[in-house]
Amino acid sequence: MADRDRPHQIQVHQHHRFDQGGKNYQSASGPSATQVLAVLTLLPVGGILLALAGLTLTGTVIGLCVATPLFIIFSPVLVPAAIAVGLAVAGFLSSGAFGLTGLSSLAYVFNRLRRATGTEQLDMDQAKRRMQDMAGYVGQKTKEVGQKIEGKANEGTVRT
């Protein structure tokens, strides 16, 4: 009820003319040189593509007319073969989908169990410890090999 008592507001928007570089979009001088060049370039290209489309359609219709009797004659062989190929493809696709679903569900269950038992942090700490041990082992082996090479080099210089 209160809305009826208030006066309505009317908004007035000014219309602006769109100028580009001082020229109006609606100019009376005609198309520009760029537009004429674009039409002259694209007209032959469009015509050639249209002709190619017509030739392709004609070739398809002729091929279908030639192949239709062959399809009818060999249909007792082709239809079961097409069904067998379709079933084989469907089998391979569904097998892959089931395998992927199984692997992802096993990975999900494994991660949930690992989080539930709290072994996630233990696994990470153990992996860090093993990496540090391996780095120390590699460093020790590198030092030993370097000393061995240095010893052999010293033996070679002493003998000569």
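This report describes the fold, surface and side-chain contacts of one protein chain.

The coordinates are a predicted model, in which local features need pLDDT of at least 70 and side-chain atom pairs count only at pLDDT 80 or more, while totals for chains, interfaces and linings use all residues. Residues are numbered from 1 along each chain as its sequence is written, and side-chain values use heavy atoms, with hydrogens and water left out.

**Fold**

The protein chain contains 4 helices and 2 strands, taken as DSSP runs numbered from the N terminus (helices H or I of at least four residues, strands E of at least two). Read from the N terminus, the order of these elements is α-β-β-α-α-α. Helix H2 covers residues 33-73; its 41 residues span 61 Å from first to last C-alpha, close to the 60 Å expected at 1.5 Å a residue, where the expected span is 1.5 Å times one less than the number of residues. At Ala67, shortly before the proline Pro69, H2 has a kink of about 35°, the bend being the angle between axes fitted to the seven residues ending at a position and the seven starting there.

The unreviewed UniProt entry lists residues 33-54, 61-83 and 89-110 under "transmembrane region"; such annotations may be inferred rather than shown by experiment. Two of these segments are described below.

| Segment | Helix | Strand | Distance between end C-alpha atoms |
|---|---|---|---|
| Residues 33-54 | 100% | 0% | 32 Å |
| Residues 61-83 | 96% | 0% | 25 Å |

**Surface**

Buried residues account for 0% of the 160 residues in the protein chain, with buried meaning under 20% relative accessible area, exposed over 50%, and partly exposed in between (1.4 Å probe, protein chains only). The chain exposes about 15,200 Å², of which carbon and sulfur atoms supply 67%, the areas coming from the Shrake-Rupley method with a 1.4 Å probe. Leu42, Val45, Ile48, Leu49, Leu52 and Leu55 make a nonpolar surface patch of about 620 Å²; patch residues have over 30% relative accessible area and no salt bridge, and nonpolar side chains are joined within 5 Å. Leu55, which lies in helix H2, is exposed at a relative accessible area of 59%.

**Salt bridge**

The structure holds 1 salt bridge, defined as a side-chain nitrogen of Lys or Arg within 4 Å of a carboxyl oxygen of Asp or Glu. Lys141 forms this contact with Glu144, and their closest N and O atoms are 3.9 Å apart. The two residues are separated by about one helical turn, because Lys141 and Glu144 stand 3 residues apart in helix H4 (residues 119-159). Lys141 is partly exposed at 38% relative accessibility, and Glu144 is partly exposed with a relative accessible area of 36%.

Technical notes
Patches are made of residues with over 30% relative accessible area and no salt bridge: like charges are joined within 9 Å, nonpolar side chains (Val, Leu, Ile, Met, Phe, Trp, Tyr) within 5 Å.
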